[in-house]
Amino acid sequence: MDNLNLNQHISHQFNEDLEHLRTQFLEMGGLVEEQVTDAVRAIETADGSLAEKVRRTESEIDRRELELDRQCMMVLARRQPAASDLRLVLMVIRATADLERIGDEANKVAKMAIALNEDGVSPRGYVELRHIASGVLKLVNLALDAFARFDVDSAKIVVRDDSLVDQEYRTAIRELVTYMMEDPRSISRVMNIMWALRALERIGDHARNIAEHVIYLVHGMDVRHMPFKELEEQIEKRNGNKK
Amino acid sequence: MQQTLEQKPPVSPKVSAPPMAPTFSIPEPAQMPVSADYKTVGVPLVENAKFAMRDVNVFYGEKQAVFNVNLDIGENEVIAMIGPSGCGKSTFLRCLNRMNDTIDICRVTGSIQLDGEEIYASKMDVVPLRARVGMVFQKPNPFPKSIYENVAYGPKIHGLASRRVDLDEIVETSLRRAGLWEEVKDRLDAPGTGLSGGQQQRLCIARTIAVSPEVILMDEPCSALDPIATAKIEELIAELSQNYTIAIVTHSMQQAARVSHRTAYFHLGKLIEVNDTQKVFTTPDHALTEAYITGRFG
């Protein structure tokens, strides 16, 4: 028993396959994160070329999604993974779809940046945009971090804070609607910012999904569609059982 | 409106290689190594127990092979026993119809009850016991007789049928249930040893069920068979589980995952974990189970 290294599979190749999945996923995550940052910056600085760059990189993310899917399928077919290995593969399959959607939403934000350049800047909404964007980026970053370190605590924070972002989004929308009623001429421009906000809010939801997948990966508990309070109780109960 | 993003958001894109542990690590810390008074995790006991084992210890001379096993096997349940070589799973299985009696130095302590009856009691006769608890071995071992005789032998010596018509019927039903009838019905007089490996194994299963046992023990029934024959045996196990209680020892984890309702994991003579098969293969409770089924040792 003493000299067994339980962190390693007997099959080296299997180890490498799983390790590769993990690295590839994190790389895709890093790329997606950069896309969101760039798209937000493109709106804020009215930088059309940066927005174009985001739109070009989108295809790279799609390509990585297909590649990761292919690799997951290969591992399933060739290794019949079980337990934590199985959960890792399932998690990557699900979370890759979320990452790809985050990429799509970043693309939408970039599209709005271009629209704002063409229609003229919005009179309102930039403060809210920056605020929500920084919150959302933190969520995405934390969710990826939670995956990199199998860290349930970080994942829990993402699930919790996503609802704060949702709340801020609703407040921002209410404010912008009020403004549009006061100044109907600005509607089309303000709408562009609203679409971007909407995309950011969706990104937060996807980050939350990824965090939920991380909890599934580590604990084997499916916590999707579960209110945060219940989720916390379940994890608490589980930790209690373990001790 | 030329707001610039003064402070870069608190993000460092991880496009380059991410900082992470050198290997993939098991998320849950382990309760290792297994101590002397280890208690099985999971659900070892059930309500409708056919077999009830309590504090079973098995010794070969001085050496202890099985430690304090508490386990129930439910009625019409398929239970799979898995674990690395030498973990005591086969030894344990052989206790269930007193197959270990044939080994002089083997000693069994504790209680093993079949339908509430102590099978190691001195008044228990092993011949009817082994008719009630049949066994299929790793290597197909048909008698050097005809296919018909192979199946008819048990019912004859146990006095289950005396007339030729009754015997014919038992042979046909048993072969049918074992999924072999269509392949051998025209050559029942041919020697059983002339069949292919997979057919021989199904013949042995037919021979086992011919005496209407209540429990069937299988000790790696497929390890000498090709994938197609294996699939047929597995199909048969699913079918048989409607009427029989089945305990199967297997080296193939995928097989355990496919055929069993519950899975028991043995390690160094201790029963580490028993749980629903689905749970064992997705979220096992014990880190040793996890390490074994994910192929980290064994």
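In this predicted model, chain B is built from 10 helices and 11 strands. Of its 298 residues, 53% are buried. Sequence-distant contacts feature heavily in the count: taking contacts in chain B between residues at least 6 apart in sequence, 67% join residues at least 24 apart. As for the outside, chain B exposes about 13400 Å², with carbon and sulfur atoms supplying 52% of that area.

Turning to the aromatic side chains, the count over all chains comes to 5 aromatic pairs. One of these brings together B:Phe92 and B:Phe266, whose ring centres sit 5.5 Å apart with the planes at 45°. That angle falls between the 30 and 60 degree limits, so the pair goes down as tilted. B:Phe92 belongs to helix α1 (residues 89-95) of chain B and B:Phe266 to strand β10 (residues 262-267) of chain B, so this pair ties together parts that are 174 residues apart in sequence. Both B:Phe92 and B:Phe266 are buried.

B:Phe143 and B:Tyr153 make an edge-to-face pair, at 5.2 Å centre to centre and with 65° between the planes. Here the link is a local affair: B:Phe143 is in the loop between β7 (133-136) and α3 (147-157) of chain B, while B:Tyr153 is in helix α3 of chain B, so the parts tied together are 10 residues apart in sequence. B:Phe143 has a relative accessibility of 28% and therefore counts as partly exposed. B:Tyr153, with a relative accessible area of 35%, is partly exposed as well. Over in chain A, ring pairs join A:Phe25, A:Phe147 and A:Phe150 into a cluster.

Charged side chains also turn up over aromatic rings. In chain A, A:Arg94 lies over the face of A:Tyr216, at 5.2 Å from the ring centre. In chain B, B:Lys270 lies over the face of B:Phe67, and the distance from the ring centre is 4.4 Å.

That leaves the cysteines. A search of the whole structure turns up 0 disulfides over all chains. For B:Cys95, the closest cysteine sulfur is the one in B:Cys106, 6.0 Å away; a disulfide needs the sulfur atoms within 2.5 Å, so this separation is too far for a bond. B:Cys95 has a relative accessible area of 0%, so this residue counts as buried. The same goes for A:Cys72, which is buried with a relative accessible area of 0%.

Key. Residues numbered from 1 in each chain as written. Chains lettered and ligands numbered in written order. Predicted model: local features only at pLDDT ≥ 70, side-chain atom pairs only at ≥ 80, totals over all residues. Heavy atoms only, no water. Helix = DSSP H or I, 4+ residues; strand = E, 2+ residues; numbered from the N terminus. Buried < 20%, exposed > 50% of the residue type's maximum accessible area, 1.4 Å probe, protein only. Contact = heavy atoms within 4.5 Å. Areas by Shrake-Rupley, 256 points an atom, 1.4 Å probe, with all protein chains shown as cover. Phe/Tyr/Trp six-rings, centres within 6.5 Å; stacked < 30°, edge-to-face > 60°. Lys NZ or Arg CZ within 6 Å of the ring centre and 35° of its normal.
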